[in-house]
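Trainee: Could you take one part of this model and walk me through it slowly? I'd like to hear about the aromatic rings, and then whatever you come across from there.

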Amino acid sequence: ILSDVTGTGSLIIDSIANGNISMERHVTSGAWHGISAPVSGQTANALYLNGNPDVWLKEYDETTNTYSNITSLTTPFNSMDGWMLWVGGSSPQTFTYTGAPNTGTIGSTDNVQRSAAGTDYGYNYVGNPFTSAIDWDASSGWTKTNMENAIYVYNNGNWASYVAGVGTNSGTRYIAAGQGFFVQVSDGGGGYPENGTLKMTNEICIHNTVGFLKGSSVDNDQLIRLELEDGGLTDETVIRFLTNSTEGWDSELDAYKMFSYNEEYPQIFSTENFFMSINSLPENVDRIPIDIKGKLGNMMTISLSEVIGFTNVLLLDKQTGINTDLTAGDYTFIHDGTTTNRFIIYFSVVGITDQSFEPHSIYSYKDIISVIIPKGQNAEIAVYSIAGQIVVKTMGYAGLNRLLIPKQGYYIVQIKSSTSLITKKVFIE
């Protein structure tokens with residue numbers, strides 16, 4: 001089964017196979033690749049090129065949330081194992097796996113685990129063990145017990161995520177032959193380690209070139225896809241509204257944010273629920289905090305690459321006070337890392353053109369209270385101590401207003417305009 005820069009061949013075996021096959025895996029040099037073995041009986045030696053060029057292999061340890069180097073050529077490359085591979089030199093390479101093709105049921109009971117509470121745990125790096133692509137959403141052939149529904153695939157320097165009909169960074173329901181991917185064991189809140197089960201059969205196999213195409217969003221009546229760009233490198237996050245979702249973590253509908261190993265890549269994500277790449281929300285939510293990571297001092301651009309069900313999508317930059325309708329144009333800014341939850345997204349529903357957006361925002365950072373007032377509006381800003389004494393009272397103007405509060409403690413901030421009265425409690429460090 002051949003593999004080259006244009007793609008990899010595909011073979012589906014419906015029953016038990018006798019004899020051996022050879023299957024190739026073409027990889028580029030100078031980049032990490034997630035891999036798995038499509039035949040049985042493999043060891044690290046199948047990926048050794050006699051030092052010409054050098055090859056590095058890593059396996060992921062869920063208990064420590066780290067990768068470790070594989071140093072022995074006799075290390076078994078078991079069915080459904082996922083490894084990370086790096087090839088040195090400047091030329092692409094093609095590896096060949098030879099052995100009996102994996103067929104039937106792959107995996108076992110309690111074969112994936114979560115060793116501790118927290119969003120950094122429960123991740124298990126597994127792989128597609130078959131000689132064709134597999135369908136994560138296949139109606140039969142999977143056994144998934146105590147598992148989150150999202151999957152994560154390393155895609156050309158960045159992480160692609162997919163869950164319930166939508167993907168980011170070209171993530172889809174289809175996982176290529178020989179592809180490693182992350183799954184996560186759910187946190188039941190009991191004693192640790194907690195076990196999960198991931199098993200699969202030939203029923204999930206499908207002839208699909210995968211190609212890391214954008215995930216389908218045809219079943220989402222309201223959805224936006226935000227893209228962050230820096231020097232030609234991009235990242236995505238998706239926000240969608242579904243009737244059966246909540247503002248909390250939805251195991252079947254949400255995906256966490258996995259950050260690229262490459263610090264050159266910009267990263268964009270919802271900041272709710274410990275950072276999310278795909279955030280599914282109920283329809284009554286009208287504003288979502290967004291944040292970014294990347295190289296400090298770089299110029300970045302946020303754009304709306306997909307929108308379903310909204311006439312306006314407003315982006316508020318809390319640092320500058322600038323409010324941008326992304327349906328009309330992109331927003332470019334300098335990343336300086338001084339403001340957390342720097343951005344807020346607001347929505348206007350299709351068919352409602354007279355909706356009033358009042359994205360007033362109040363937040364504190366160290367000894368500064370920041371108040372953002374929408375464009376075209378003025379308002380009175382008052383800061384009170386917890387005892388009710390006025391600390392600051394001033395006129396605020398459209399954009400970002402900063403107030404220095406030298407004494408640590410809690411304060412009440414009030415914004416009073418001709419049409420609204422907004423109050424928020426903040427803490428000064």
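Mentor: Let's begin with the ring pairs and move on to the strands, the cores and a few backbone oddities.

Keep in mind that this is a predicted model. The count of aromatic pairs comes to 24. Take Y67 and Y261: their rings sit edge-to-face, with 5.6 Å from centre to centre and 90 degrees between the planes. This pair ties together distant parts of the chain, since the two tyrosines are 194 residues apart. Y67 belongs to strand β7 (residues 66-69), while Y261 is in the loop between β24 (255-256) and β25 (267-270). Buried or exposed, where does Y67 fall? Its relative accessibility is 25%, so Y67 counts as partly exposed. Y261 also lands in the partly exposed class, because its value is 38%.

Now look at F269 and F275. Their ring centres are 4.7 Å apart and the planes meet at 50 degrees, so this pair is tilted. F269 is buried, with a relative accessible area of 1%, whereas F275 counts as partly exposed at 30%.

Back to the tyrosines for a moment. Y67 and Y261 are both members of a cluster linked by ring pairs, which also takes in Y60, Y123, Y125, Y152, Y154, W159 and F182. Elsewhere, a lysine joins the aromatic theme: the charged end of K144 sits over the ring of W136, 3.5 Å from its centre. The charged end of K144 also sits over the ring of W142, at 4.8 Å from the centre.

From F269 you can step across to K293. K293 is in strand β27 (residues 287-293), and at 39% relative accessibility K293 counts as partly exposed. Along the chain, K293 and F269 are 24 residues apart, yet 8.9 Å separates their C-alpha atoms. F269 is among the residues that K293 touches, and so are L228, F259, Y265, P266, Q267, M300 and H335, leaving out residues up to four places away in sequence.

β27 leads to the core. The largest nonpolar core has 23 residues, and I224, I345 and F347 are those with the most contacts inside it. Strands that each supply at least two residues of this core include β22 (222-230), β23 (233-241), β27, β28 (299-308), β29, β31 (331-334) and β32 (343-349). If you centre your view on I224, you'll find it in contact with T237, V238, I239, L304, E306, V307, F310, V313, I345 and F347, leaving aside neighbours within four places in sequence. Apart from this core lies another one, of 20 residues, with W142, I175, V183 and M200 among them. W142 is the tryptophan we met under K144.

One of the strands that feed the largest core deserves a closer look. β29 (residues 310-317) is mostly covered, as 6 of its 8 residues are buried. β29 pairs with strand β30 (residues 323-325) in the antiparallel sense, over 3 bridges. In that pairing, L314 stands opposite D325 of β30. The hairpin made by β29 and β30 has 5 residues between the strands, and there G321 takes a positive phi near 80 degrees.

I175, from the other core, brings us to a small piece of sheet. Three strands form an open sheet in the order β18-β13-β21, with antiparallel pairing. β18 (174-175) and β21 (205-206) are the edge strands, each pairing on one side only. Strand β13 (residues 133-135) is joined to β18 by 2 bridges, and I134 has I175 as its bridge partner in β18.

Finally, the backbone. Most residues other than glycine have a negative phi, and most peptide bonds are trans. With that in mind, check the bond between N52 and P53: it is cis, with omega about 0 degrees. P53 lies in the loop between β5 (42-43) and β6 (55-61). Y192 and P193 are also joined by a cis peptide bond, with omega about 5 degrees, and P193 is in the loop between β19 (180-184) and β20 (194-200).

As for phi, M80 is not a glycine but has a positive value of about 75 degrees. M80 is found in the loop between β8 (76-77) and β9 (83-87), and counts as buried at 7% relative accessibility. S170, not a glycine either, has a positive phi of about 75 degrees. Its place is in the loop between β17 (166-168) and β18, where S170 counts as partly exposed at 27%.

Key:
Residues numbered from 1 in each chain as written. Predicted model: local features only at pLDDT ≥ 70, side-chain atom pairs only at ≥ 80, totals over all residues. Heavy atoms only, no water. Phe/Tyr/Trp six-rings, centres within 6.5 Å; stacked < 30°, edge-to-face > 60°. Helix = DSSP H or I, 4+ residues; strand = E, 2+ residues; numbered from the N terminus. Buried < 20%, exposed > 50% of the residue type's maximum accessible area, 1.4 Å probe, protein only. Lys NZ or Arg CZ within 6 Å of the ring centre and 35° of its normal. Contact = heavy atoms within 4.5 Å. Pairing = 2+ DSSP bridges. Core = buried A, V, L, I, M, F, W, Y, C linked by side-chain atoms within 4.5 Å.
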